[in-house]
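Visitor: I'd like to go through this one with you and hear the reasoning behind each label. Can we put it on the screen?

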Amino acid sequence: MIKKSLQRTILLNIGAFVLVLILELLSGWMIIDRYDSPFSFFLWALKYAINIMAAIWINHFILIPYFFDKKRYFIYVLLVIGSIFLIAYIEAFANNSWAGVTKTFLFHFYTTGTGMAVFFLRRNIRIQRENVEKEKLQRELELNYLKEQVNPHFLFNSLNSIYALSRQQSSETPDVVIQLSELMRYQLESAKKDFVSLKEELEFIENYLLLEEKRLSKRCTIEFSIEGELSNYKIAPMLLIPFVENAIKHGAQATNEQSTIDVNIAVKNTKLHVNVVNSKHTTVTKSTRTGMGLENVKRRLNLLYSNAHVLEINDMEKAYHVNLTIDITNREND
């Protein structure tokens, strides 16, 4: 990597030197008759090109890294002016005295300034590109980490459900185990993807609710409804399930009294509306609901739909409401 960067720097500077030399030859072509031969004219242009590039190289390789980048701006400005003046003095004083030095200094100051403007512009573009790449890499690493957290969290909650059925010696325990295996198969497959079909994701949630309905028996009424066309949209996998899990965990699972859980999904005007409501009971100890699943999904929403979602959570006396709206327009046909 370093070798390629060095080669690129060398080639870029050789190219810049050749370009400056060509420009000097073209600018002095009208006075070529003043020189004894084309060769002497070429030497004149070569001398000017070397002087111009010398000022730029001193600035580029010495003054910027050792003074400008270390925020020694005052010393940097003094050394830039001093180096340009020294080059102008060496070039012009022998023939043209101080008037020639002044004229040459202003010429080199202009050309050096132009060259450095191009340099800073190019460096700024490169830094911005590197920052974007770093941000993208960090985003991908964080999302992968969050996705990896979903699997054990969901499995832990599901195993708790099976454990509860087994303690009740329910005849439905084998069927629930099979259901869980299907849910885990979907989860493992979806974890390999950035986005999955919205229809498949909602089918997964519906199957999970059916599993929980068997475990909770008759003490919890679960309603699940879907409105709108789903087939054309995609969504990040396992993004909605934490809200459903929390409704069960902090609603029906937290009490032996009769409970209700309503999950309503609607797609309207390319926006996904998710409404999850679970009943609460005064006998249940108040929970802050800062579990890993809920915090995880909040973070994923901020990363994946930073400017395209609205999440409202309303913890009331007798009910807990979650309202989530996601703009899934840009996820169509991914």
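Visitor: Why is Phe-68 called partly exposed?

Guide: Keep in mind that this is a predicted model. Phe-68 has a relative accessible area of 26%. Buried means under 20% and exposed means over 50%, so a value in between gets the label partly exposed. That puts Phe-68 in the partly exposed class.

Visitor: What makes Phe-68 and Tyr-73 an edge-to-face pair?

Guide: A pair of aromatic rings is described by the distance of the centres and the angle of the planes. Here the centres of Phe-68 and Tyr-73 are 5.3 Å apart and the planes sit at 65 degrees. Rings pair if their centres lie within 6.5 Å, and planes over 60 degrees apart count as edge-to-face. Both conditions hold, so the pair is edge-to-face. By that rule the count comes to 3 aromatic pairs, and ring pairs link Phe-68, Tyr-73 and Tyr-76 into a cluster.

Visitor: And which exposure class does Tyr-73 fall into?

Guide: Tyr-73 has a relative accessible area of 42%, so partly exposed is the label.

Visitor: What is odd about the backbone of Lys-71?

Guide: Lys-71 has a positive phi, about 65 degrees, although it is not a glycine. You'll find Lys-71 in the loop between α2 (38-68) and α3 (73-167). Its relative accessibility is 64%, so Lys-71 counts as exposed, the cut-off for that being over 50%.

Visitor: Where else does a residue other than glycine have a positive phi?

Guide: Take Thr-270, with phi near 65 degrees. Thr-270 is placed in the loop between β4 (259-268) and β5 (271-279). At 25% relative accessibility, Thr-270 counts as partly exposed.

Visitor: How do you know that helix α6 is largely enclosed by the rest of the structure?

Guide: Count the residues. Helix α6 covers residues 241-250, and 9 of its 10 residues are buried, so the helix is largely enclosed. The buried ones are Ile-241, Pro-242, Phe-243, Val-244, Glu-245, Asn-246, Ala-247, Ile-248 and His-250. As for the chain, buried residues make up 39% of its 334 residues.

Visitor: How many helices and strands does the chain have?

Guide: There are 7 helices and 7 strands. Along the sequence they run α-α-α-α-β-α-β-β-α-β-β-α-β-β.

Visitor: Why does Gly-28 count as buried?

Guide: Gly-28 has 1% relative accessibility, and buried means under 20%, so the label follows. Gly-28 lies in the loop between α1 and α2. Its C-alpha atom is separated by 9.2 Å from that of Trp-44, and the two residues are 16 apart along the chain.

Visitor: Is Phe-105 buried or exposed?

Guide: Buried: Phe-105 has 17% relative accessibility, and the cut-off is under 20%. Phe-105 is placed in helix α3. The C-alpha atoms of Phe-105 and Ile-87 are separated by 7.9 Å, with their positions 18 residues apart along the chain.

Visitor: What makes Asp-315 and Lys-280 a salt bridge?

Guide: Side chains of opposite charge can pair when their charged atoms come close. The closest N and O atoms of Asp-315 and Lys-280 are 2.5 Å apart, and the cut-off is within 4 Å, so the pair qualifies. It links distant parts of the chain: Asp-315 is in strand β6 (residues 309-315) and Lys-280 is in the loop between β5 and α7 (292-304), 35 residues apart. A search of the whole structure finds 1 salt bridge. Asp-315 is partly exposed at 34%, and Lys-280 is partly exposed at 22%.

Visitor: Which residues gather in the patch of negative charge on the surface?

Guide: Glu-189, Glu-200, Glu-203 and Glu-206. Helix α5 (residues 198-216) gives the largest share, 3 residues. Glu-206 lies in that helix, and its relative accessibility is 36%, so Glu-206 counts as partly exposed. Patch residues need over 30%, so Glu-206 clears that bar.

Visitor: Which residues make the nonpolar surface patch?

Guide: Ile-10, Ile-14, Val-18, Leu-19, Ile-22, Leu-23 and Leu-26 make a patch of about 640 Å². One of them, Leu-19, is placed in helix α1 (residues 2-27).

Terms used. Residues are numbered from 1 along each chain as its sequence is written. This is a predicted model: local features need pLDDT of at least 70, side-chain atom pairs count only at pLDDT 80 or more; totals for chains, interfaces and linings use all residues. Side-chain values use heavy atoms; hydrogens and water are left out. Patches are made of residues with over 30% relative accessible area and no salt bridge: like charges are joined within 9 Å, nonpolar side chains (Val, Leu, Ile, Met, Phe, Trp, Tyr) within 5 Å. Accessible areas come from the Shrake-Rupley method with a 1.4 Å probe; for residues, only the protein chains shown count as cover. A salt bridge is a side-chain nitrogen of Lys or Arg within 4 Å of a carboxyl oxygen of Asp or Glu. Lys and Arg count as positive and Asp and Glu as negative; His and the chain ends are not counted. The place of a charge is taken as NZ of Lys, CZ of Arg, CG of Asp or CD of Glu. Helices (H or I, at least four residues) and strands (E, at least two) are DSSP runs, numbered from the N terminus. Buried means under 20% relative accessible area, exposed over 50%, partly exposed in between (1.4 Å probe, protein chains only). Rings of Phe, Tyr and Trp (its six-membered ring) pair if their centres lie within 6.5 Å; planes under 30 degrees apart count as stacked, over 60 as edge-to-face and the rest as tilted.
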